[in-house]
Amino acid sequence: MNAMQTLQQYIDESKRIVFFGGAGVSTESGIKDFRGVDGLYHLKYKYNPETILSRSFFLGHTDEFFEFYQDKIVQPTLNAAPNIAHKTLAKLEDMGKLTAVITQNIDGLHQMAGSRNVLELHGSIHRNYCMNCGEKYSLDAVSNADGIPRCHCGGIIRPDVVLYEEPLDDVVITKTVQAINNADLLIVGGTSLTVYPAAGFLDFYNGSKLVVINLDNTSYDSKAALTISGKIGEVLGHIQL
Ligand code: OAD
């Protein structure tokens with residue numbers, strides 16, 4: 001049996017599939033990943049993007065943070081649509097076979113494809129709030145801002161995304177661990193698995209069917225029952241549902 005047939009069989013016989021993904025899930029929607037060959041981390045900046053996306057940089061260089069965030073994170077996602085990977089995962093949930101999509105992405109494309117139980121480990125660009133009065137704002141407040149987005153109270157509107165040096169949300173962590181722990185099939189795709197604690201949640205998987213679908217090798221390949229080197233949209237697009 002070849003790898004695609006094995007994946008098909010795994011999906012056919014599973015009832016509690018969990019998908020764990022990252023930026024590579026959205027590259028086929030035209031959004032650059034971070035560490036892939038065309039990723040944001042290979043662009044030349046005054047500061048390294050991991051520095052720019054940190055809490056201390058956000059607080060100390062708020063204008064430069066928003067310049068980068070607006071250009072490289074927000075604007076590229078505004079016209080992006082879900083690809084076949086997002087859509088296949090939404091369909092599997094509709095069929096009652098997939099219990100959760102766990103994502104490190106902040107672009108909201110899984111929900112746009114129709115997925116309902118999406119655990120966003122790193123938050124979402126679609127949720128924003130005033131750091132002064134707490135008022136909530138949609139993405140428009142940030143995408144339409146010229147410079148630092150401001151609340152009517154004068155406070156800075158910040159995205160509800162997890163920056164480096166910031167903790168992940170406890171409720172999201174608990175649900176993530178539960179979902180992975182109860183999964184009969186864990187499909188991991190489009191992630192370098194280099195960012196912690198996110199990648200470490202995979203260790204809560206108890207089953208024997210860990211599948212990794214990625215363009216580059218990852219540190220979990222050796223633990224996987226099946227690894228497929230390819231584009232996640234092309235791979236999931238071949239699954240018969
Ligand atoms: P990375 O950019 O680190 O990894 C993306 C992975 O997806 C790479 O291994 C690519 O080879 C692979 N890839 C790209 N396109 C693909 C495709 N079409 N099909 C299959 N694989 C593909 O992205 P993440 O692992 O998501 O955090 O990065 C984790 C975190 O680092 C992000 O959430 C973000 C970033 O800094 C924060 O900003 C807090």
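In which loop is Pro-197 found? Pro-197 sits in the loop between β7 (185-189) and β8 (210-214). The model is a predicted one, and this proline comes with a backbone feature of its own. The peptide bond from Tyr-196 to Pro-197 is cis. Its omega is near 10°.

A second loop also deserves a look. Glu-165 lies in the loop between β6 and α8 (170-182). Its phi is near 80°, a positive value in a residue other than glycine.

**Overall fold**

The chain's secondary structure comes to nine helices and nine strands. Its radius of gyration is 18 Å, close to the 18 Å that the globule rule gives for 241 residues, so the chain is as compact as a globular protein of that length. Along the principal axes, the C-alpha atoms fill a box of roughly 60 × 35 × 30 Å.

**A three-stranded sheet**

One open sheet has three strands in the order β5-β4-β6. The pairing is antiparallel. β5 (136-137) and β6 (157-161) stand at the edges. Each has a single partner strand, so one side of each is left without a neighbour in the sheet. Strand β4 covers residues 123-130 and pairs with β5 over two bridges, in the antiparallel sense. At residue level, Tyr-129 has Lys-136 in β5 as its bridge partner.

**The ligand site**

How many residues surround the ligand? The count is 24. The closest are Arg-35, Tyr-164, Thr-191, Ser-192 and Asp-216. By class, the shell holds eight nonpolar, eleven polar and five charged residues.

Both domains contribute to this shell. Domain 1 (1-31 + 82-122 + 168-241) supplies at least three residues, and domain 2 (32-79 + 127-161) also supplies at least three.

Three polar contacts to the ligand are listed below.

| Residue | Protein atom | Ligand atom | Distance |
|---|---|---|---|
| Ala-23 | backbone N or O | oxygen | 2.8 Å |
| Thr-27 | side-chain N or O | nitrogen | 2.8 Å |
| His-122 | polar side-chain atom | oxygen | 2.8 Å |

Taken alone, the ligand exposes 800 Å². The protein buries 95% of that area.

What kind of ligand atom does each residue face? Ala-23 faces an oxygen atom of the ligand through a backbone atom. His-122 uses a polar side-chain atom, again toward a ligand oxygen. Thr-27 places a side-chain N or O atom 2.8 Å from a ligand nitrogen.

Methods
Residues numbered from 1 in each chain as written. Predicted model: local features only at pLDDT ≥ 70, side-chain atom pairs only at ≥ 80, totals over all residues. Heavy atoms only, no water. Near = heavy atom within 4 Å. Polar contact = N/O pair within 3.5 Å; in protein donor to acceptor, adjacent residues only side chain to side chain. Areas by Shrake-Rupley, 256 points an atom, 1.4 Å probe, with all protein chains shown as cover. Nonpolar A, V, L, I, M, F, W, Y, C, P; charged D, E, K, R; others polar. Domains from an automatic or database assignment. Pairing = 2+ DSSP bridges. Helix = DSSP H or I, 4+ residues; strand = E, 2+ residues; numbered from the N terminus. Rg over C-alpha atoms; globule rule 2.2 N^0.38 Å.
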